[in-house]
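Trainee: Could you take me through one part of this model in detail, choosing a single residue and following its surroundings outward?

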Amino acid sequence: WMIVHSSRALKHEGRLRLLDLKGQVLAEKHLAPASQEWMVEMEPYPPGLYVVEVAIEGKRWGRKVLKR
């Protein structure tokens, strides 16, 4: 599992996506208002680089993560 943490609780709904480096969506989660931490299951995916993308109110942030 991978834990994604925000320094502040969400004020609005959002979306978290796990993508491979080709941009294919592997997993997607709904983010509820007032939430601050989310878990993404990584077991089904092989070791490698992935992108975690969070979208809230039309703004998107992404970070590369390495699964060993």
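Mentor: A polar contact here is a pair of N or O atoms within 3.5 Å, of which, within protein, one must be able to donate a hydrogen and the other to accept it. In this predicted model, the side chain of Ser35 reaches the backbone oxygen of Ala32 at 2.5 Å, and the side chain of Ser35 also makes a polar contact with the side chain of Trp38, at 3.0 Å. Ser35 lies in the loop between β3 (25-31) and β4, yet Ser35 counts as buried because its relative accessible area is 17%, and buried means under 20%. Leaving aside residues up to four places away in sequence, Ser35 touches Arg8, Ala9 and Leu10.

Leu10 leads on to the largest pocket, whose volume is about 630 Å³; of the 20 residues that line this pocket, Leu10 is among the closest to its centre, together with Ser6, Val54, Ile56 and Trp61. By class, the lining has ten nonpolar, five polar and five charged residues, and its largest share, five residues, comes from β6.

The strand that follows the loop of Ser35, β4 (37-40), is one of the elements giving two or more residues to the largest nonpolar core, alongside β1, β2 (14-19) and β5, with β5 giving the most, four residues. Val40 is among the members of this core that touch the most other members, and, not counting residues up to four places away in sequence, Val40 touches Trp1, Met2, Val4, Leu16, Leu18 and Lys29.

Notes. Residues numbered from 1 in each chain as written. Predicted model: local features only at pLDDT ≥ 70, side-chain atom pairs only at ≥ 80, totals over all residues. Heavy atoms only, no water. 1 Å grid on protein atoms, 1.4 Å probe; cavity = no way out; pocket = protein on both sides within 12 Å on 5 of 7 lines; lining within 4 Å. Points joined across faces, edges and corners; volume = space filled by probe spheres on them. Nonpolar A, V, L, I, M, F, W, Y, C, P; charged D, E, K, R; others polar. Core = buried A, V, L, I, M, F, W, Y, C linked by side-chain atoms within 4.5 Å. Buried < 20%, exposed > 50% of the residue type's maximum accessible area, 1.4 Å probe, protein only. Contact = heavy atoms within 4.5 Å.
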